[in-house]
Amino acid sequence: SGFNSIGHMDTMLRRRHHIGHHKEGEEFIQNVFHVLFLLFSGKEKCNLSICWLQYEISKVLQCLQRKKKKKLKAQGRKSKKLAKNLLKAPDNRNHLSLWKLYAYLEWLLGNIDDARKVFDTALGTAGTGGLKSPQLCSLSLLYAQLEVELLESLEGAVMSRAVHILTKLAESGPYVPYSGQVLSVNVLKARKTYEHALQDYLSKTPVSNQDHVNDANQLVNLVGCYALFQYLTVGIDAAVLIYAQTSEKLEAPGPQKCENTGESFGLQNFPTAVEAVTLLHTNLLRFHMKISVYPLNPLREALTEALKRYPSNQSLWGSYIHIQRKSHSASKARRFFDGVTRSTNSLEPWLFAIQAEQMRKKLIENVQRADVGEIHSTIPETGLTNRIIALFEHATQSENGTHCPLLWRMYLNFLV
């Protein structure tokens with residue numbers, strides 16, 4: 001094709017060929033990691049290990065999305081080998097974030113039992129920090145989320161492994177692997193513990209900037225665990241209530257001031273936390289709609305509100321496009337995209353608006369080309385091509401769009 005992309009670039013369909021992980025680009029990236037690995041030590045080396053493993057996981061996810069079983073097997077072997085080598089390093093042995101990624105990798109490769117063993121081992125060696133330990137909270141949240149995704153309905157969820165994990169986290173005792181049942185009295189105690197922990201977190205004021213970051217992450221993990229616990233033991237409304245209360249509390253410009261700095265505790269202190277809580281909220285609603293009957297409106301409202309606030313959040317846009325695909329009326333989504341693009345300099349709304357129209361065009365073409373005699377097209381093709389070109393034109397004229405290679409490549413690709 002005249003050029004090679006380095007490592008991973010956004011895939012674009014070109015007949016059957018994807019622009020993805022090229023051999024030369026992949027070698028280059030691996031070399032960079034190997035060279036950097038010798039230069040760092042201590043905490044930096046640990047952070048680099050996390051980046052490296054995350055990169056390997058991204059490749060596994062790509063194989064899963066494309067349903068390439070052979071490639072997945074080979075990639076899985078390479079990634080597991082790297083993960084094991086990283087964990088053998090003396091500095092990394094007790095690093096929970098790395099254990100978490102390794103367990104997640106095993107889970108993605110379909111080795112559920114192996115992944116559970118890794119999670120259980122990590123939780124067993126992590127000590128008894130309970131809800132006060134950020135790493136323990138983060139590990140338990142991921143483990144519980146993965147377990148919940150295996151559920152086919154909420155019946156009997158109170159006795160599930162996910163509830164056991166979240167209950168044990170609240171108990172702050174040594175972790176005991178799941179034995180098949182959860183005691184009701186433990187569930188009640190855990191609920192009280194979560195409630196008090198969340199109230200304490202929301203009422204305390206951070207001291208330094210570093211505390212801000214740690215507290216924000218910890219708060220998100222705590223809210224995630226508590227809401228998931230409520231979802232499994234009470235129901236979806238109880239979980240949504242926690243997200244709503246937390247967001248409300250974080251957004252309120254609280255009257256309480258910090259004595260030494262005079263700052264009030266509110267949204268300006270925790271902008272990333274509110275965004276992350278919103279993401280947990282919308283993801284839970286999407287999951288709930290998948291396993292049971294639930295109206296679309298709460299999810300649509302949550303997404304539109306969130307996107308007005310965080311127009312650069314790609315995960316939220318992905319969810320928004322996913323739910324809009326099911327609706328035959330495009331006008332509401334078009335008005336929304338138009339409103340967001342006018343009020344922000346972010347490029348994401350443009351990119352996703354274009355993607356939404358391209359998906360619509362593809363859907364219509366599939367309907368019209370279906371070989372079943374006379375076709376009554378439900379959605380007439382009224383100048384979708386012109387609309388997409390107009391979107392590209394406006395996007396490339398915006399300040400950020402002019403300098404975005406991906407946008408220009410998408411435009412050229414579409415015109416071809």
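Two residues are in contact when heavy atoms of theirs lie within 4.5 Å of each other. Keep that in mind as we look around this predicted model, starting with one residue and its neighbours.

**Tyrosine 143 and its neighbours**

Tyrosine 143 sits in helix α6. Leaving out residues up to four places away in sequence, tyrosine 143 touches Arg116, Phe119, Asp120, Leu123, Arg161, Ile165 and Tyr175. Take Arg116 from that list: it is 27 residues from tyrosine 143 in sequence, yet the two C-alpha atoms are 8.2 Å apart in space. Is tyrosine 143 buried or exposed? With a relative accessible area of 0%, tyrosine 143 is buried, because buried means under 20%.

**Helix α5**

Several of those partners bring us to helix α5, which runs over residues 112–125. How far should its 14 residues span at 1.5 Å a residue? The expected figure is 20 Å, and the end C-alpha atoms of α5 are 20 Å apart, so the two agree. The buried residues of α5 are Ala115, Arg116, Val118, Phe119, Asp120, Ala122 and Leu123. What do they pack against? Their partners are α4 (96–108), α6 and α7. Just after α5 comes glycine 127, with a positive phi of about 90°.

**The space inside**

Now for the gaps. Rolling a probe the size of a water molecule over the atoms shows where empty space is left. Searching the whole structure turns up two cavities of 30 Å³ or more. The largest cavity holds about 90 Å³ of space. Its lining includes some residues you have already met, among them Leu123, Gly127, Ile165 and Tyr175. Leu136, Ser140, Lys168 and Leu169 are also part of the lining. Both α6 (134–149) and α7 (161–171) supply at least two lining residues each. Which helix gives the most? That is α7, with three residues.

There is also a second largest pocket, with about 530 Å³ of space. It is lined by 21 residues, and the closest to its centre are Gln30, Glu56, Lys59, Gln75 and Lys78. The elements giving two or more residues to this lining are α1 (23–39), α2 (42–66) and α3 (69–88). Here α3 gives the most, with seven residues.

Here is how the two linings look side by side.

| Space | Volume | Nonpolar lining residues | Polar lining residues | Charged lining residues |
|---|---|---|---|---|
| Largest cavity | about 90 Å³ | five | six | one |
| Second largest pocket | about 530 Å³ | five | six | ten |

**Two loop residues with a positive phi**

Glycine 127 had a positive phi, and two residues that are not glycine have one too. Lysine 67 takes a positive phi of about 55°, and serine 172 takes one of about 60°. Where are they? Lysine 67 is in the loop between α2 and α3, while serine 172 is in the loop between α7 and α8 (184–203). Lysine 67 has a relative accessible area of 72%, so it counts as exposed; the cut-off for that is over 50%. Serine 172 comes in at 33%, so it is partly exposed. Serine 172 is also one of the residues lining the largest cavity.

**From α11 to α12**

Further along the chain, asparagine 283 belongs to helix α11 (residues 271–291). Its relative accessible area is 39%, so asparagine 283 is partly exposed. How many residues along the chain separate asparagine 283 from leucine 299? They are 16 residues apart, and their C-alpha atoms are separated by 9.0 Å.

Leucine 299 is one of the buried residues of α12. The others in α12 are Arg300, Ala302, Leu303, Thr304, Ala306 and Leu307. Helix α12 (residues 297–309) has 13 residues and reaches 19 Å from its first C-alpha to its last, close to the 18 Å expected.

**The whole chain**

Finally, let's step back. The chain has 18 helices and two strands. Of its 416 residues, 45% are buried. Looking at contacts between residues at least 6 apart in sequence, 57% join residues at least 24 apart. The chain exposes about 23,100 Å², and carbon and sulfur atoms supply 54% of that area.

Notes: Residues are numbered from 1 along each chain as its sequence is written. This is a predicted model: local features need pLDDT of at least 70, side-chain atom pairs count only at pLDDT 80 or more; totals for chains, interfaces and linings use all residues. Side-chain values use heavy atoms; hydrogens and water are left out. On a 1 Å grid over the protein atoms alone, a cavity is a set of points where a 1.4 Å probe fits but cannot get out, and a pocket is an open set with protein on both sides within 12 Å along at least five of seven lines; lining residues have an atom within 4 Å of a point. Grid points are joined across faces, edges and corners, and a volume is the space filled by probe spheres set on the points. Helices (H or I, at least four residues) and strands (E, at least two) are DSSP runs, numbered from the N terminus. Ala, Val, Leu, Ile, Met, Phe, Trp, Tyr, Cys and Pro count as nonpolar, Asp, Glu, Lys and Arg as charged, and the others, Gly among them, as polar. Buried means under 20% relative accessible area, exposed over 50%, partly exposed in between (1.4 Å probe, protein chains only). Accessible areas come from the Shrake-Rupley method with a 1.4 Å probe; for residues, only the protein chains shown count as cover. The expected span of a helix is 1.5 Å times one less than its number of residues.
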